[in-house]
Amino acid sequence: MSNKKISSLTINGFRGIRRSISFDFTKKYASALVYGANAKGKSSIGDAFEWFFTGSISELTKEGCTRDDYRHRLLGSDEETRVSFDFSDPSLNCNLSLNSSRKQQYSNNDLAFGQYLDKSKGELILLRHKDLRVFVDESKGVKRKKISQLIGMEEWEDIRDQIGSVENRLKKNLEDEKAKLESRQEEVRKLIKSDVFTDSACWEYAEAQSKKLGISQNINSLAELEAVDQKAKESIKPDDRATRLARLKSAETILEELLKNYPQLKHFLQFSKSYNEICSQPVKVLSVQLHELLGQGKIILESGQWNKNVCPLCESRFEDNQLLAHIFEHQNKDQSIQKEIGLFEIGRSNAKKELQNINSKVSTVSQLFISSKKDFSSLKVLATEIITALSIAKSWSDEKFQTNKTINPAQLDLENKLIEFGKQIKVSLEKIHTAQENLKPTKDEKAKIEAFQNLKTLASHMHILAGMDANLVPLETQFSSIEIISRRFQDLRRQTLGKVLDAISDNVSKYFLKIHHGEGFDKIHLKFLPDEDGVEFHIYYKGEEITPPRKFLSESYLNGLGVCLFLATVRAFNVENRFIVLDDIINSFDAEHRMDLAKLLVDEFSDYQLLVLTHDNIWFDQFRRLAKKGWQHKRIKNWSYEDGVNIENTPGEQLEDCQEALKTGQVEFAAPIIRTYIENRLKALSEKLGVRFRFRQGAQNEERMCGELLSELRRELNDCKFFSVVDDKIFNELEASTFIVNYGSHDRTPDVAGLVIGDVKFAFERIEILENTFKCPDCAKFVWNIVDRGYRMQCKCGKLSLR
Amino acid sequence: MPNPLEEKSANEILREFFENLEKLPNIDSSVATTIKKLWNEGNLNRDEVLTALELIRSNQ
């Protein structure tokens, strides 16, 4: 396992960070606690981690955002955005840059760095407040999926689905095949008239049937059954009795059906009568013809294809509108004739249908198989005559009106022919019945035929069943094997996931109980739920199991659970990296659990490198008191659009800065650095000594300056008669350093007119002397070594004390 | 506790499972071999498995 840590981080021109800011982790400060009020560019530090390790910032992959938004807006086109990381393994040192053409590139092109980056993408490095509850709030299935991803079990999901799908398909195939088999067995059971289907019942039945055919043989297998069936076929002589019976039956069915719906001649006779009546009236015939002619003219005019204003019938010139009006007038002139013609056409249509129906029915006799010419010859002759007459009748039914034309149905004699045809059908049916009677088998023959049929049917069934059985066995074997693989795989998946969940749960539980100790919580468990194929938290509270947590936990507790899960997951799965960034995770944590969270981080993650960012100055103060060894504490002093983030250094760094500044000998450069340093030391001293200050709101409290700090410190020490044991001349000397006490605000450069570097050095040395005033010369311990209820304090030996 | 799966990674456990398929009790060796082969080839999907199993049945 790798344990990579960060040696230094430098961010330049990225998001809200205009000028370069750096974190140095190479010295004794492996972790950092950074305070910055809201909108001071704190989140840009978290974003820098995300960008470096994933290549993008999730918040800025949304609509309307581009890589340009990664760059500080005041960067020139020749300036690059740059995030540089140095690691405990220097071969991985790299910076990620982005130029104004949106080209983004890593400076380290080594394979090892590429592999490290790929592995890091799968690890949890950054936790933001907004992501605290993402996992806690996910559905069970998504939780399972995310955990699977973390431990490289994504492929397992797919394998489970694929094997499960094969299992289901084989199961379905097997069920279908079994259903077919059972259905056929049921048919056999009915055939052999047994209560249940068994092979022995089948063989017994086969023996009984073969005996009826005069074959006496034991049957105990399909092969023996098929041999007996073959013998039976040979024993029965082929004859045409059955064929003849079948043909007679077919003829009987056709003729009985014809007789049942015997066709009538009615509509054609009515049509003939109406036709003859209309044709006997010349005026009506002409009127119909004119009506048709005008109808054609109207169609031509309305098509718009004809010459404009020319009559299509006589080619005279007329306005089209007038012509159409003329046609309309004529067409509506004699409504009664049109109505009569309309009814006639309906009658004509019915007559045609009737002739077609008769033709169709009479033609069915042609299907009769006539074995001897005399059997159905009269019927057939009559049918031919009727069909010929129908053909003539049909041509008549198409006739147009002609003056004085007549149709004479009597010429065809269709009515009488149909009556005669009906009589002949009855005669033929009688002949069929007589022939059927003559062909009936004897009782003995019937029994043999039946036995032969039964044996044949049984042999066929048993042959098919044997084939089905043969197909079923390998299918059953395969299904059973796939089922075993599927079950074993699911067991393995459950066990593997369970192991992981148990391991995470142990730490989630441990961390959560550290934050919420003595509140009735017994433990927290992440459980795999096989039935739902999901993962869910189970909270054990005063012996009761509660799930899901949102049913019971408040917002603040759910956030706490989110933090604990993140930390437990980091501990369980981060292999490459030993550092994490926690960006403002304290939001919406209730006040009484903040210290516990800080303690958890300090106690349980001392082997990790933590970068904790917070906007909460109270928590920052609480945290920094706990996080001492190995921690650096930084404050984002201010942020501006033009300059970006301005971070205040740690005391050690400030001391080094002072020493470097004094070495330059440049008073303008050194004075502000020394002044800030002295101010910070006085603040620290005031805090340690419990100096009482006039109350101020929020950030104003931080803006106290050297003059006020010195004066209040002196007053406090006077009040507790400290100067009766310690000389106060050091205060006089410090107050004499006017460049310290006489300036307006924090950000204004002190007035250095008339000041020399020696004055600055003098003040710098005095602050150390002031601090040493509170160190016991005997035991070498400070007066705040032993603090009694936050009020009385003394050194180790007790010779130096306060209050 | 860096690795919750302790001695083996998820991939190693998976590989071991497929390597030892034939040793599962009551399993048909032709099925085990087929599944193992398809997994090794990266073709362990429903259609490939069903086709391979059908081929085995038709050859029996």
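Okay, let's start with one pair of residues: L33 of chain A sits opposite V612(A), which belongs to strand β12(A). Before I go on, this is a predicted model, so local features need pLDDT of at least 70 and side-chain atom pairs count only at pLDDT 80 or more, while totals for chains, interfaces and linings use all residues. Residues are numbered from 1 along each chain as its sequence is written, and chains are lettered from A and ligands numbered from 1 in the order in which they are written.

A quick word on strands and helices: they're DSSP runs numbered from the N terminus, with at least two residues (E) for a strand and at least four (H or I) for a helix.

So who are the neighbours of β12(A)? Strand β3 of chain A, residues 31-35, runs parallel to β12(A) with 4 bridges. Strand β11 of chain A, residues 579-583, is also parallel to β12(A), through 5 bridges. Strands pair here if DSSP finds at least two bridges between them. From β11(A), L582(A) stands opposite V612(A).

Is β12(A) buried or exposed? Buried: 6 of its 6 residues, 609-614, are, so the strand is largely enclosed by the rest of the structure. Buried means 20 or more other C-beta atoms, placed from the backbone, within 10 Å of a residue's own (exposed is 12 or fewer, partly exposed in between). On one side you've got Q609(A), L611(A) and L613(A), and on the other L610(A), V612(A) and T614(A).

Last thing: β11(A), helix α17 of chain A (residues 594-604) and β12(A) form a right-handed β-α-β unit. Right-handed means that, with the strands pointing away from you, the path from the first strand over the helix to the second goes clockwise.
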